[in-house]
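Got a minute to go over some labels together? Let's take them one at a time and check each against its cut-off.

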Amino acid sequence: MQAEDARYLKRKVKGGSVDVHPTEKALVVNYELEATILGEMGDPMLGERKECQKIIRVKNLHDNSDLTSLAKEIIDKCKLIHPAKLPEVEQLLYYLQNRKEAAPAKAPSGKTQLADKPEDPGIDATEVDDTANINDVDEYLDMLYEDLPDKVKGSALLLQLARNPDNLEELFQNETVVSALVRLLREDWKRSTDLATNIIYIFFCFSSFSQFHGVILHFKMGALCMTIVEHELKKQKMWQEELQKKKKAVDANKNSSKLQDDYEKSLKKYEGLIKKQEQLLRVAFYLLLNLAEDLKVEMKMKNKGVIKMLVETLDRDNSELLILIVSFLKKLSIFIENKKEMAELHIIEKVTKLIPCDHEDLLHISLRLLLNLSFDPDLRSKMIKFGLLPKLVALLNNENHKVIVLCILYHVSMDDKAKSMFTYTDCIPMVMKILLESPEQPDMELLALCINLAANKRTAAIICEGSGLKMLMKRAFKFHDAFVMKMIRNVSQHDGETKNLFIDYISDLCTAVMNGDSDDFALECLGVLANLTIPDLDYELILKEYDMIPWIKSKLQPGAADDDWVLELVILVGTVCIDDACAKLLANSNIIHLLIELLNAKQEDDEVVCQIIYVFYQMIFHEATREIIVKETQAPAYLIDLMHDKNSEIRKVCDNTLDIIAEFDEEWARRIQLEKFRWHNSQWLDMVETRQAEDMSDSYMYPDDNLDPYIQDADILDRPELFYGPANNSVETPPEQGNTNGYDQGVMLDGHLTPEYIDDGGLYNGNMDFYGRQGYDDYEPYVRPEAHMGFADGQGPQFGGFVDGQPVDQYGRALEFGQYAPYGSDEEEFSYGMR
């Protein structure tokens, strides 16, 4: 309602009870406000009644205060308290005088309620004694145009109104007030920190409700706040530099009392300025945090450098300000771009200083920020580098932060290099104690951390110390807990003393596996058995005692069990095949054929394929099973097919297995050698096949019954002419008729011969034929296609030599006189394909 309509408004105030403030040194006055709108004739048209409170702060209250005089002063100034309540007010003041401030506990063991977000900023420096009234808004507006003290007072009174959410709508509709506040902040924020704080606080009150964000952004309050914050951070650096200079001067002249007094005054002034500045920073950052509800606005803030400002402010000591700063950083840290910028600004080093701290809410929000940052491997490494790991472990006993700390430790334990660092802390005994004392369903974060720690050999040894493994096995079987058994399974994979500890539990594990209805617990027990590669263990006795072979065969049938069970069963078969007797027992039970069928069914699953090949590798070692695999199964053929698989581990196991097969079987050795040759020379073979295909196409125009077969129809390793050119060893051709041995000394001296042809003695072996020519008897019989000399002997492509005086081609077939004329023109004389 406007000022000229005030005569139609009737207000009635009714005093109520007086009580003490729960946390501050202040009295709370409850009263009832009734507002009635009257018509022109004075008749009530509309009425509203609401409960209100007024807070009267008594900051100067101390042990020697005169409570009677103070109570009278309060009643005189506050008309809401009836004079008859003087004894009651005096009694309340006495209570405040003797009430002790509760100090925060340093190491609470029980769980307490923690704040999810920062508290609203409370400002004491700009409080005024007057009580603001919503009907006097125009009067407060006029004060904004007066001198600086009046501007500060007017903004403080408007702030009183804005802190009551019931007044926000009415203030917001008054465009004159909002525009005046924005203009005043833009013009005078450098002149007065109190003025800037009041106005920003007013807009912070608006920003607590999303419907006001549009107008706040319209006036560009976010950009203005960032400008103010940036300026304040620069001022603080200047103050620190000046104070540091005076500190150095005092240290240089310790006997100068004048310099010492000057430094102490400057220090006291600096502390006062910092206190006011931190109030301004707090309301400004809180306003920005509320506006960052919109991701587009948050992106603009990021581009203007809000992350740098926040990280710089982490060096402050004000707990309430730090809670707000860390909360803002936590919100920003969920985006990888923001996280990278924080890493560049060395955020881990700054947050490390906050852990641990006495303020529970600050510690809690700092751990939440670390949890977001711990998703990055580089930042996890920095946490260990700057000594956060023992600090985090020490917080495991604090119920307020245990779950978050477990999550961070779990992320750290994901790195293999970091697992061993846990051995230098008390983490393993503490998590074991928490796990063993937990109810039936422990926290998943705790179980995940334990499973990761058990994957490291050094930490697994600590877990098994004393009766650690015994207690874990007891708990796992008592609650049928698959996660605890998964932890035990990780322990069982390490070689050494820890693996021998499982011998006592083989009976329990086998019983759980055989009786398990394909549940997760039984699967983990099977995994433990598969890991027990103990040389002295009698696997044959275990298989026979529990009649496991028929059970294994039934599970290995394609489609009979889940993939996880199939994989663990194959690993178990590979483990028991270490024993010669077990390998023979399994081979005679036709399990190799089942594995081959399984190999066909699971050929897309690299892990299953690799483990099946490993079973073949284990069985090849034993003489009793080697013959069965090589002679009675097609396992070697499958190994040849997988020899060039895209998976490097599969190729490695295949090569090792095939090498052993080739050593004991000549026929398979030849096939393996041929396949390796084809693989290594596939490009050259494709070229030869393409050339022969072209020759075949020409034969349709010039038919010839004596065409050579395709390269794939013959044994490549029995075709030396493909490597060395035409040759005929049965007849020596005189030099004057041409060289038919496929080697020309002149060509070889030109450098066209590969190193395979050169023996230890040099290019020639010193042997002479009966024509006095240098011999080449010691060349390598099988060389790679790179050494192929083509037709460099001076002969035509089809000439192979003489047999009984008859010219033949390279395959020994007779040639007619004048059939080929590879050199010269038609006018020249040719015979038998030679010049």
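Q: What makes Asp416 count as exposed?
A: Its relative accessibility is 60%, and exposed means over 50%, so the label fits. Keep in mind that this is a predicted model.

Q: Why does Lys419 count as buried?
A: Lys419 comes out at 6% relative accessibility. Buried means under 20%, so Lys419 gets that label.

Q: How do you know that Asp416 and Lys419 meet in a salt bridge?
A: The N to O distance is 3.0 Å, and the cut-off is within 4 Å, so the pair qualifies. Asp416 and Lys419 sit three residues apart in helix α20 (residues 416-419), which puts about one helical turn between them.

Q: What makes Lys234 and Glu230 a salt bridge?
A: Here the N to O distance is 4.0 Å, and the rule is within 4 Å. On that value the pair is counted as a salt bridge. Both belong to helix α9 (residues 221-252), four residues apart, so about one helical turn separates them.

Q: Why is Glu230 called partly exposed?
A: Glu230 has 38% relative accessibility. Partly exposed covers what falls between under 20% and over 50%, so that's the class for Glu230.

Q: How do you know that Lys276 forms a salt bridge with Asp194?
A: The closest N and O atoms are 3.2 Å apart, and the limit is within 4 Å, so it counts. Lys276 is in helix α10 (residues 257-291) and Asp194 in helix α7 (residues 193-207), so this pair ties together parts 82 residues apart in sequence.

Q: Buried or exposed: what is Asp194 called, and why?
A: Asp194 is buried: its relative accessible area is 16%, and the cut-off is under 20%. Its partner Lys276, at 34%, is partly exposed. In total the structure holds 26 salt bridges.

Q: What makes Asp138 eligible for a surface patch?
A: Asp138 has a relative accessible area of 33%, and patch residues need over 30% and no salt bridge. Asp138 is in fact listed in a negative patch, along with Glu139, Asp142, Glu146, Asp147 and Asp150. Asp138 sits in helix α3, and that helix (residues 137-143) gives the patch its largest share, three residues.

Q: How do you know that Leu80 meets residues beyond its sequence neighbours?
A: Leaving out neighbours within four places, Leu80 is in contact with residues including Val13 and Lys54, where contact means heavy atoms within 4.5 Å. Leu80 and Val13 are 67 residues apart in sequence, with 7.9 Å from C-alpha to C-alpha.

Methods:
Residues numbered from 1 in each chain as written. Predicted model: local features only at pLDDT ≥ 70, side-chain atom pairs only at ≥ 80, totals over all residues. Heavy atoms only, no water. Patch = residues over 30% accessible without salt bridge, like charges linked within 9 Å, V, L, I, M, F, W, Y side chains within 5 Å. Areas by Shrake-Rupley, 256 points an atom, 1.4 Å probe, with all protein chains shown as cover. Salt bridge = Lys/Arg side-chain N within 4 Å of Asp/Glu carboxyl O. Lys, Arg positive; Asp, Glu negative; His and termini not counted. Charge placed at Lys NZ, Arg CZ, Asp CG, Glu CD. Helix = DSSP H or I, 4+ residues; strand = E, 2+ residues; numbered from the N terminus. Buried < 20%, exposed > 50% of the residue type's maximum accessible area, 1.4 Å probe, protein only.
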